[in-house]
Amino acid sequence: MTRPITVGVDGSAESLAAADWAASEALRRNLPLRVVHAWHWEPLTVPVVNDRDAQAEWARTLLSDAGRRLAERHPGLEHTAEILDREPVPALVDAAKDAEVLVLGSRGHGAIAGFLLGSHAQQVIAAAGRPVVSVRAPADGEEVPADGAVVVGQQGSAEDSAAVLRFAFETAAARGVPLRAVRAWNLPPVFAYGPVAMWPGDELGDLAAHHREQLTAALAPWREKFPEVPVDEHVELGPGGQVLLAGTAGASLLVVGRRVRRVPVGARIGSVAHAALHHARCPVAVVPHD
């Protein structure tokens, strides 16, 4: 089954930027594009305009305008448009199930209001079974280079990061750009208690070399599968989010894994993905682990 690139739109500048990103990616990968708008009418108890037919017409017009804009800006694009008559979070999570990638604007209004700061995005990213890409609307004079490197954060073992690296290599290959693989590491807690506690370092050996070996081993099968993708390996001591963001200058996409933490009030994504979504200037892909 051919999975489409799916994008959620709500008429905001951010969602239109997401639609453009999704359209370009669909053309690169020779995939269809599915444009969706999550709209569910519920009568309100406050004295505001509350007409179901008018709101439904607005939703249809939104999709029609988005489709016309995409056809003009991306000739040859195969796309469909659909209204999802459900609440935004379950609608978008379900839409992701059959998608190669789900793409969302990072600060949309309406269906995905407060994408970064509110709870909707966190719920969608935590629950989606497919990669979710967050796209910001470019600021005045700002432009993300389409031919910039794909940057990917690698953590844990080769098995832990397989899904993340697969997505990053596939994207770099489709774009014809290099891949920058980044692994951050920290000293074990015992090393923070003074010089006397540093003696195990001799037995542990060169920690930096160990992490370089881990990164090289994780990349090896994907280098073999995608020999056309140039790869730059970078290992650095420091907080994961900080090290990863420092390597995104000139990047076209940042790819991170999703580590989900279940808490009483819902699901939370990991600190590295959280930092990437809030601070990266380029689009960010959050990939669930296998």
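These legends accompany several close-up views of a predicted model.

**View 1. The whole chain, as a starting point.** Before zooming in, here is the overall picture: the chain has nine helices and twelve strands. Of its 290 residues, 47% are buried. The accessible surface comes to about 14500 Å², and carbon and sulfur atoms account for 53% of that surface. Among contacts between residues at least 6 apart in sequence, 75% join residues at least 24 apart.

**View 2. Helix 1 against helix 2.** Let's begin with the pairing of helix 1 (residues 13-29) and helix 2 (residues 52-73), whose axes are 11 Å apart and pack at an angle of about 45°. That angle makes helix 1 oblique to helix 2, because angles outside the parallel, antiparallel and perpendicular ranges count as oblique. The crossing of helix 1 with helix 2 is right-handed. On the helix 1 side, look for Leu16, Ala19, Asp20 and Ala23; on the helix 2 side, the partners are Arg69, Leu70 and Arg73. Sorted by class, this contact of helix 1 with helix 2 has four nonpolar residues, three charged ones and no polar ones.

**View 3. Ala66 in helix 2.** Staying with helix 2, this view picks out Ala66, which is found there. Is Ala66 buried or exposed? With a relative accessibility of 6%, Ala66 counts as buried. A handy distance to check here is the one to Ser15: the two residues are 51 apart along the chain, and their C-alpha atoms are separated by 9.7 Å.

**View 4. Helix 1 against helix 5.** Helix 1 has another partner in this view, namely helix 5, and the axes of the two come within 9 Å and cross at roughly 80°. Helix 1 and helix 5 are therefore roughly perpendicular to each other, since angles of 65 to 115 degrees fall in that category. Helix 1 contributes Trp21, Glu25, Arg28 and Arg29 to the contact, while helix 5 contributes Phe167, Glu170, Thr171, Ala174 and Arg175. The contact of helix 1 with helix 5 has five charged residues, three nonpolar ones and one polar one.

**View 5. Helix 5 against helix 7.** Now follow helix 5 (residues 162-175) to helix 7 (residues 207-225): their axes come within 10 Å and cross at roughly 40°. That makes helix 5 oblique to helix 7. The crossing of helix 5 and helix 7 is right-handed. Which residues of helix 5 and helix 7 meet? From helix 5 come Ala162, Leu165, Arg166 and Phe169, and from helix 7 come Ala218, Leu219, Trp222 and Arg223. By class, the contact of helix 5 with helix 7 has six nonpolar and two charged residues, with no polar ones.

**View 6. His211 in helix 7.** A close look at helix 7 brings us to His211, which lies in this helix. His211 counts as buried, at 14% relative accessibility, because the cut-off for buried is under 20% relative accessible area. Setting aside neighbours within four places in sequence, His211 is in contact with Arg183, Trp185 and Val235.

**View 7. The covering of helix 3.** Here the subject is helix 3 (residues 88-97), which is mostly covered, with seven of its ten residues buried. To find them in your viewer, select Pro88, Val89, Ala91, Leu92, Val93, Ala95 and Ala96, the buried residues of helix 3.

**View 8. Asn30 and its backbone angle.** Most residues other than glycine have a negative phi. Asn30 is not a glycine, yet has a positive phi of about 55°. Where is Asn30 placed? Asn30 sits in the loop between helix 1 and strand 2 (33-38). With a relative accessible area of 69%, Asn30 is exposed.

**View 9. Thr2 beside Leu31 and Pro32.** The last view goes to Thr2, found in the segment before strand 1 (5-8). Thr2 counts as exposed, at 55% relative accessibility, because the cut-off for exposed is over 50%. Which residues does Thr2 touch, not counting those up to four places away in sequence? Thr2 touches Leu31 and Pro32. Between Thr2 and Leu31 there are 7.4 Å in space, C-alpha to C-alpha, although the two are 29 residues apart in sequence.

Key:
Residues are numbered from 1 along each chain as its sequence is written. This is a predicted model: local features need pLDDT of at least 70, side-chain atom pairs count only at pLDDT 80 or more; totals for chains, interfaces and linings use all residues. Side-chain values use heavy atoms; hydrogens and water are left out. Axes are lines fitted to C-alpha atoms, for helices over the stretch in contact, and angles run from 0 to 180 degrees between N-to-C directions. Helices (H or I, at least four residues) and strands (E, at least two) are DSSP runs, numbered from the N terminus. Angles under 35 degrees count as roughly parallel, over 145 as roughly antiparallel, 65 to 115 as roughly perpendicular and the rest as oblique. A crossing is left-handed if the near helix is turned anticlockwise from the far one by less than a right angle, and right-handed if clockwise. Contact means heavy atoms within 4.5 Å. Ala, Val, Leu, Ile, Met, Phe, Trp, Tyr, Cys and Pro count as nonpolar, Asp, Glu, Lys and Arg as charged, and the others, Gly among them, as polar. Buried means under 20% relative accessible area, exposed over 50%, partly exposed in between (1.4 Å probe, protein chains only). Accessible areas come from the Shrake-Rupley method with a 1.4 Å probe; for residues, only the protein chains shown count as cover.
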